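Open the structure in your viewer and keep the selection tool handy. We will go from stop to stop, and at each one you will learn what to select and what is there.

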Amino acid sequence: MTDRAPQSPQVWGDPAVSGGYTLVVCEKPDAAKRVADALSGGRSAASQVEGTTVFSFAKDGEEFVVCSAQGHVYGVSDPAEERTVYPVFDVEWYPLNLVEEESASAGRRIAAIRKLAAGAARFVNACDFDVEGETIGFNLLRYACGGKEKGALRARFSTLTEEDLRRSFGSLEPQAADGLARAGRARHVIDFLWGINLSRALSQSPLGLGHRFRTVSVGRVQGPTLGFLAKREREIREFVPTPYWKVTGVFEKDGREFSAWYAEEKVRTKAQAEEVRAACRGGTAVVVAVQRSQVQVSPPPPFSLGDLQKEAYRALRIPPSRTLQIAEGLYLAALISYPRTSSQKLPPSLDLRRILGGLGRVRAYSDAVEEILKSGSRTVQGARSDPAHPAIHPTGERPQRPLDGQAASLLDLVVRRFLAGFGPPARRELVDVSMDVGGHRFKALGSRTTFPGWMDYYGRYAGRRDQEPPPVAEGERAGVVSVTVEEKFEQRPPRYNQGSLLEKMESEGIGTKATRADMISTLLSRGYASGDSLTVTDLGFAVVEAMEKYAPSVVSTELTRHVEEMLEGVEEGAGGEADVVRETVRTAAEQLAELFANEGEVGRVIDAAIAGEASKAGALGGCPVCKSGTLRIVRSRTTKKRFVGCSNYPSGCRASAPLPQRGTLRPAAKPCEKCSWPVVYVSGGRRPWKLCVNPDCPGRSKP
Amino acid sequence: MKCAVCGREGAGKLCQRHAVAKERLEAAYPLWVRAYGRMSWGDYLDNVIRNVQTGPWAKEVAEALRDS
Ligand SMILES: [Zn+2]
């Protein structure tokens, strides 16, 4: 691993002599503005440097300049020019604008920070305090500021409120151990090597690539995640149901009817079920036992990111990746604390009374807050902790701008969860009724909340479900009104949804809290899975099957978890990142050798799946000749050339058109205005161009 | 060899997917026989094919077995 990112020249001399300013480096523009406002009391001056906004002010006789990145502005890439070669084991760090076209602004941000670094005497890293933030800060200080990653100071905070920012800048720490940054950089390198090599291996088959509309790729964390989905999908597709019978009785006591079910919930033979019905019909039930029990239900712990994502999916149907995005926005607006945390604890150092005071000014929460303050109760704590940040909690500040629907809902969820943590345990009464009908046992349950406690604070998210118990006491009799026998079948296992898949990833130790949701989104956008109940596509299966056969580590949980554990060791200062990269690369090399050896087979399997999907996805639009078929891109079996053909070819439609053989084709949304044939965008080569596929189109200037 | 159900490559007469599905189908048959007292293999296949819980690969094998 080498550094290709240029370092800025050291133009400033001894700070005591030059009297330079303190340069504060933030991760995001919104955070920079908040830092500047908080430290200057809202009196900072904004100016433009290289097209980016920076803030400057004086405080206690010291000059400050606050600038920001835009998330990651450096990334790893392959120094080789040739884009089709694999394996790749050599990577370098580059300004992101040189690596990704869509990251053009990274160049401006870097240029601005380099310029500002030249006049700075002191550097403060104010990026988010976690692996990604440390990586961003480390890269900025090393590359843009000219090797300042060692001498810089660190501002640590978990919310962007004025108080927290002032407190954190009042006690700046020396840039602590660099374990987080080293682990973060190693993770980027490993993920890059993993992704680039596999996608190149998968995208190359000896059969030509012209009909491919997408790049096939499998990330390091994506592989096992796709593996979970595929395993479940197989169980579903192979599933053979088996029958059972459910026997339910309707009973009557003093004119009130209630139902109870046969104690053997799944009767395995039809004959037995019928026997029970015949024996009980018209009979009398004797209540043999009514057991009442009280249970206490403790409030749920404060939110970690994973908990918040699962709960938001369960209660609000917001996908996990969207939840993180919204939470990030709420954090930047200083409404909630830093969301990328594993913690379920609110440490005593937090000023909870101040937060409660702020929330108490909102009408919807004021009653709850008053009760909490009066009772003096303390908040519940969960088991998991995070060295960098507390659990996600509200700051108690009011939104300065009205929030959109989802953001408002998510903030409400965070606030109510926080309040619920102060609530007393809820109490529920469970009633378990047992009845006997001529030697056959029937059961009924009831439940009710006798004391809501924290559930009142959690509001609609508490999901209270009460069920009236049957109106009978021990020793009483009830008449049998009817007995029904229902034929049922064992259900196939449920598909994962985004919430349950996230939970699976967490419990298997796959991915990091900050990246899991994105992995799931990528599986969807790559076309490996689709739908709300995540269904593996043919392409997804082809990829998993090829990997299981030739590169099993790619879809295995063990390797990914092992890498994750090694990286955690690096974070804690227990290991060197170079070893982790080396070990991962070695495994990748073994797996790639196997893929290489079977390139033809792998290519064929994946090609077949892509062709299958392309026959759906490659549709261009309605056929203007037969008016009932669909024009699509097909490939000649004999010449291997691609052309446009009609889906009604087997029944006689001969509509067809030649296509350019080079470049990637993407169907346009609207058909040609002149002839109503489909239009495609052709990209690759110089610049993308638009083409009506009709060779006889009146609007066509040149073939 | 090409799978008799789907035409994909496989080690035997069936591809991996349909081979496993056939195993599941055969394993469930005795449970159905016991549940209903008696059931012919043909009736069993018909029932499985009609059942909405049956997975698509199992259904495809059942159809192929019924039609063969
Ligand atoms: Zn098959």
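Select Lys310(A) to begin: it counts as buried because its relative accessibility is 18% (buried is under 20% relative accessible area, exposed over 50%, partly exposed in between, with a 1.4 Å probe and protein chains only). Now add Glu506(A), which is partly exposed with a relative accessible area of 22%. The side chains of Lys310(A) and Glu506(A) meet in a salt bridge, 3.0 Å from N to O. A salt bridge here is a side-chain nitrogen of Lys or Arg within 4 Å of a carboxyl oxygen of Asp or Glu. This pair links distant parts of the chain, 196 residues apart: Lys310(A) sits in helix 10 (residues 305–316) of chain A and Glu506(A) in helix 16 (residues 498–508) of chain A. Helices (H or I, at least four residues) and strands (E, at least two) are DSSP runs, numbered from the N terminus.

A word about what you are viewing: this is a predicted model, in which local features need pLDDT of at least 70 and side-chain atom pairs count only at pLDDT 80 or more, while totals for chains, interfaces and linings use all residues. Residues are numbered from 1 along each chain as its sequence is written, chains are lettered from A and ligands numbered from 1 in the order in which they are written, and side-chain values use heavy atoms, with hydrogens and water left out.

Next, select Arg561(A) and Glu508(A), whose side chains meet in a salt bridge of 2.9 Å, N to O. Arg561(A) belongs to helix 20 (residues 557–571) of chain A and Glu508(A) to helix 16 of chain A, 53 residues apart. Arg561(A) is partly exposed, at a relative accessible area of 28%.

For a pair within one helix, pick Arg582(A) and Asp579(A), where the closest N and O atoms of the salt bridge are 3.2 Å apart. Both lie in helix 21 (residues 577–597) of chain A, three residues apart, about one turn of the helix. Arg582(A) counts as exposed at 55% relative accessibility, whereas Asp579(A) counts as partly exposed at 46%.

Now show both chains. How many residues of chain A are in contact with chain B? There are 20, and they touch 22 residues of chain B (contact means heavy atoms within 4.5 Å). Across the two chains the count is two salt bridges. To see one, select Glu545(A) and Arg17(B), whose side chains meet at 2.9 Å, N to O.

Which atoms are the protein donors of the zinc ion? Select Cys3(B) (SG), Cys6(B) (SG), Cys15(B) (SG) and His18(B) (ND1), which lie 2.1 to 2.3 Å from the zinc ion. Donors are N, O and S atoms within 2.8 Å of the metal (3.2 Å for Na, K and Ca); water is not among the atoms, so sites may look incomplete. Along the chain, the donors follow the spacing C-x2-C-x8-C-x2-H. Two of the donor residues are worth a click: Cys15(B) counts as buried at 0% relative accessibility, and His18(B) counts as buried at 2%.

Last stop: Ala62(B), in helix 3 (residues 56–67) of chain B. Ala62(B) is buried, with a relative accessible area of 0%. Leaving aside neighbours within four places in sequence, Ala62(B) is in contact with Leu25(B), Leu45(B) and Ile49(B).
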